[in-house]
Amino acid sequence: MNKTDANTTLQELKDMIATFSKERHWERHHDPKSLAMNIAIETAELMEHYVWNRAGEPNKKEVADELADVLFNVLNFAHTQNIDLATSFIDKFERLQIKYPVEVFNKDQDSLDDYKKIKQAYRAGKQ
(Lines give C-alpha, C1' and ligand atoms only; values in the text may rest on other atoms or scores of the structure.)
Protein backbone atom coordinates (compact mmCIF):
# COMPACT_ATOMS: atom_id res chain seq x y z
CA MET A 1 0.00 0.00 0.00
CA ASN A 2 1.30 3.45 -0.91
CA LYS A 3 1.57 6.01 1.83
CA THR A 4 -0.76 8.97 1.30
CA ASP A 5 -2.08 11.82 3.42
CA ALA A 6 -5.15 9.69 4.09
CA ASN A 7 -3.29 6.72 5.54
CA THR A 8 -0.09 8.11 7.09
CA THR A 9 0.18 9.77 10.49
CA LEU A 10 2.44 12.65 11.43
CA GLN A 11 4.09 10.32 13.94
CA GLU A 12 4.96 7.85 11.19
CA LEU A 13 6.63 10.63 9.21
CA LYS A 14 8.48 11.89 12.29
CA ASP A 15 9.69 8.35 13.00
CA MET A 16 10.93 7.97 9.42
CA ILE A 17 12.92 11.20 9.75
CA ALA A 18 14.31 10.21 13.15
CA THR A 19 15.52 6.88 11.74
CA PHE A 20 16.97 8.57 8.66
CA SER A 21 18.89 11.08 10.81
CA LYS A 22 20.04 8.49 13.34
CA GLU A 23 21.40 6.19 10.61
CA ARG A 24 23.52 9.09 9.34
CA HIS A 25 24.50 10.35 12.83
CA TRP A 26 23.03 13.74 11.99
CA GLU A 27 21.32 14.33 15.34
CA ARG A 28 24.41 16.21 16.56
CA HIS A 29 23.70 18.90 13.95
CA HIS A 30 20.01 19.27 14.78
CA ASP A 31 19.97 22.14 17.23
CA PRO A 32 16.82 24.33 17.19
CA LYS A 33 18.55 27.31 15.56
CA SER A 34 19.94 25.28 12.66
CA LEU A 35 16.67 23.45 12.10
CA ALA A 36 14.63 26.68 12.20
CA MET A 37 17.00 28.31 9.74
CA ASN A 38 16.76 25.30 7.45
CA ILE A 39 12.95 25.57 7.45
CA ALA A 40 13.35 29.16 6.24
CA ILE A 41 15.90 28.15 3.60
CA GLU A 42 13.71 25.36 2.23
CA THR A 43 10.70 27.70 2.23
CA ALA A 44 12.71 30.22 0.21
CA GLU A 45 13.52 27.46 -2.29
CA LEU A 46 9.79 26.78 -2.61
CA MET A 47 9.13 30.49 -3.20
CA GLU A 48 11.75 30.60 -5.96
CA HIS A 49 9.37 28.61 -8.15
CA TYR A 50 6.86 31.47 -8.04
CA VAL A 51 8.86 34.67 -7.89
CA TRP A 52 8.96 36.41 -11.27
CA ASN A 53 7.20 33.43 -12.82
CA ARG A 54 5.09 35.01 -15.52
CA ALA A 55 5.39 32.29 -18.15
CA GLY A 56 2.90 29.83 -16.70
CA GLU A 57 2.83 27.51 -13.74
CA PRO A 58 6.01 26.06 -12.26
CA ASN A 59 6.75 22.35 -12.57
CA LYS A 60 4.42 20.64 -10.09
CA LYS A 61 6.89 17.84 -9.29
CA GLU A 62 9.62 20.36 -8.45
CA VAL A 63 7.20 22.33 -6.27
CA ALA A 64 6.11 19.11 -4.53
CA ASP A 65 9.76 18.24 -3.86
CA GLU A 66 10.40 21.66 -2.32
CA LEU A 67 7.25 21.41 -0.22
CA ALA A 68 8.38 17.96 0.94
CA ASP A 69 11.72 19.50 1.97
CA VAL A 70 9.84 22.10 4.03
CA LEU A 71 7.70 19.41 5.65
CA PHE A 72 10.76 17.23 6.32
CA ASN A 73 12.38 20.09 8.20
CA VAL A 74 9.21 21.04 10.09
CA LEU A 75 8.72 17.43 11.18
CA ASN A 76 12.39 17.11 12.11
CA PHE A 77 12.17 20.28 14.21
CA ALA A 78 9.02 19.01 15.91
CA HIS A 79 10.65 15.65 16.60
CA THR A 80 13.84 17.07 18.08
CA GLN A 81 11.94 19.59 20.21
CA ASN A 82 9.28 17.10 21.36
CA ILE A 83 6.45 19.15 19.86
CA ASP A 84 3.19 17.36 19.19
CA LEU A 85 2.21 18.96 15.90
CA ALA A 86 -1.41 17.84 15.89
CA THR A 87 -2.00 19.26 19.37
CA SER A 88 -0.14 22.46 18.51
CA PHE A 89 -2.02 22.84 15.24
CA ILE A 90 -5.47 22.30 16.80
CA ASP A 91 -4.68 24.73 19.63
CA LYS A 92 -3.51 27.39 17.17
CA PHE A 93 -6.44 26.72 14.82
CA GLU A 94 -8.94 27.23 17.65
CA ARG A 95 -7.29 30.55 18.53
CA LEU A 96 -7.34 31.62 14.87
CA GLN A 97 -11.07 30.94 14.69
CA ILE A 98 -11.55 33.35 17.58
CA LYS A 99 -9.05 35.90 16.30
CA TYR A 100 -10.57 35.95 12.79
CA PRO A 101 -14.30 35.44 13.35
CA VAL A 102 -16.33 34.21 10.40
CA GLU A 103 -18.83 37.03 10.96
CA VAL A 104 -16.14 39.53 9.96
CA PHE A 105 -14.72 37.63 7.00
CA ASN A 106 -17.73 36.05 5.29
CA LYS A 107 -18.49 39.06 3.14
CA ASP A 108 -18.82 38.86 -0.63
CA GLN A 109 -16.02 41.36 -1.02
CA ASP A 110 -12.88 40.45 0.90
CA SER A 111 -11.15 43.43 2.39
CA LEU A 112 -7.70 43.39 3.88
CA ASP A 113 -8.69 46.28 6.15
CA ASP A 114 -10.38 44.01 8.71
CA TYR A 115 -7.44 41.64 8.66
CA LYS A 116 -4.95 44.48 9.10
CA LYS A 117 -6.91 45.97 12.01
CA ILE A 118 -7.08 42.63 13.81
CA LYS A 119 -3.40 41.92 13.15
CA GLN A 120 -2.34 45.37 14.41
CA ALA A 121 -4.47 45.03 17.54
CA TYR A 122 -3.02 41.56 18.16
CA ARG A 123 0.54 42.81 17.81
CA ALA A 124 -0.22 45.70 20.15
CA GLY A 125 -1.51 43.20 22.72
CA LYS A 126 -5.11 44.39 22.57
CA GLN A 127 -6.58 40.95 21.87
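**Side-chain contacts in the predicted model**

Phe93 is found in helix 4, which spans residues 85–99. The structure described here is a predicted model. Phe93 has a relative accessibility of 40%. Phe93 therefore counts as partly exposed, as the value lies between the 20% and 50% limits. Together with Phe89 and Ile90, Phe93 makes a nonpolar surface patch. The area of this patch is about 310 Å².

Helix 4 also holds a salt bridge, formed by Arg95 and Asp91. The N to O distance in this contact is 3.0 Å. Arg95 and Asp91 are four residues apart in the helix, so about one helical turn separates them. Both side chains are partly exposed. The relative accessibility is 43% for Arg95 and 38% for Asp91.

Aromatic contacts were examined next. A pair of aromatic rings is described by the distance of the centres and the angle of the planes. The model contains four aromatic pairs. One of them joins Phe20 and Trp26. The centres of these two rings lie 5.4 Å apart, and their planes meet at 75°. This pair is edge-to-face because its angle is over 60 degrees. Phe20 is partly exposed, at a relative accessible area of 29%. Trp26 is likewise partly exposed, with a value of 36%.

Phe20 has a second aromatic partner, Phe72. Here the ring centres are 5.8 Å apart. The planes stand at 85°, so the Phe20 and Phe72 pair is edge-to-face. Phe20 belongs to helix 1 (residues 10–23), whereas Phe72 belongs to helix 3 (residues 60–80). The pair therefore ties together parts that are 52 residues apart in sequence. Phe72 has a relative accessible area of 28% and is partly exposed. Phe20, Trp26 and Phe72 form one aromatic cluster.

Charged side chains also meet aromatic rings. The charged end of Arg24 sits over the ring of Phe20. The distance from this charged end to the ring centre is 3.7 Å. Phe20 thus takes part in the aromatic cluster and also lies under a charge. A further contact of this kind involves Lys99 and Tyr122. The charged end of Lys99 sits over the Tyr122 ring, 3.4 Å from its centre.

Salt bridges were then counted. The total in the model is four, including the bridge between Arg95 and Asp91 in helix 4. Arg24 forms another salt bridge, with Glu23. The closest N and O atoms of Arg24 and Glu23 are 3.4 Å apart. Arg24 is partly exposed, with a relative accessibility of 35%. Glu23 reaches 55%. Glu23 therefore counts as exposed, since the limit is 50%. Arg24 has two roles in this picture: a salt bridge with Glu23 and a charge over the ring of Phe20.

Lys3 and Glu12 form a salt bridge as well. Their closest N and O atoms are 3.1 Å apart. Lys3 has a relative accessible area of 52%, so it is exposed. Glu12, at 29%, is partly exposed.

Key. Residues numbered from 1 in each chain as written. Predicted model: local features only at pLDDT ≥ 70, side-chain atom pairs only at ≥ 80, totals over all residues. Heavy atoms only, no water. Phe/Tyr/Trp six-rings, centres within 6.5 Å; stacked < 30°, edge-to-face > 60°. Buried < 20%, exposed > 50% of the residue type's maximum accessible area, 1.4 Å probe, protein only. Helix = DSSP H or I, 4+ residues; strand = E, 2+ residues; numbered from the N terminus. Lys NZ or Arg CZ within 6 Å of the ring centre and 35° of its normal. Patch = residues over 30% accessible without salt bridge, like charges linked within 9 Å, V, L, I, M, F, W, Y side chains within 5 Å. Areas by Shrake-Rupley, 256 points an atom, 1.4 Å probe, with all protein chains shown as cover. Salt bridge = Lys/Arg side-chain N within 4 Å of Asp/Glu carboxyl O.
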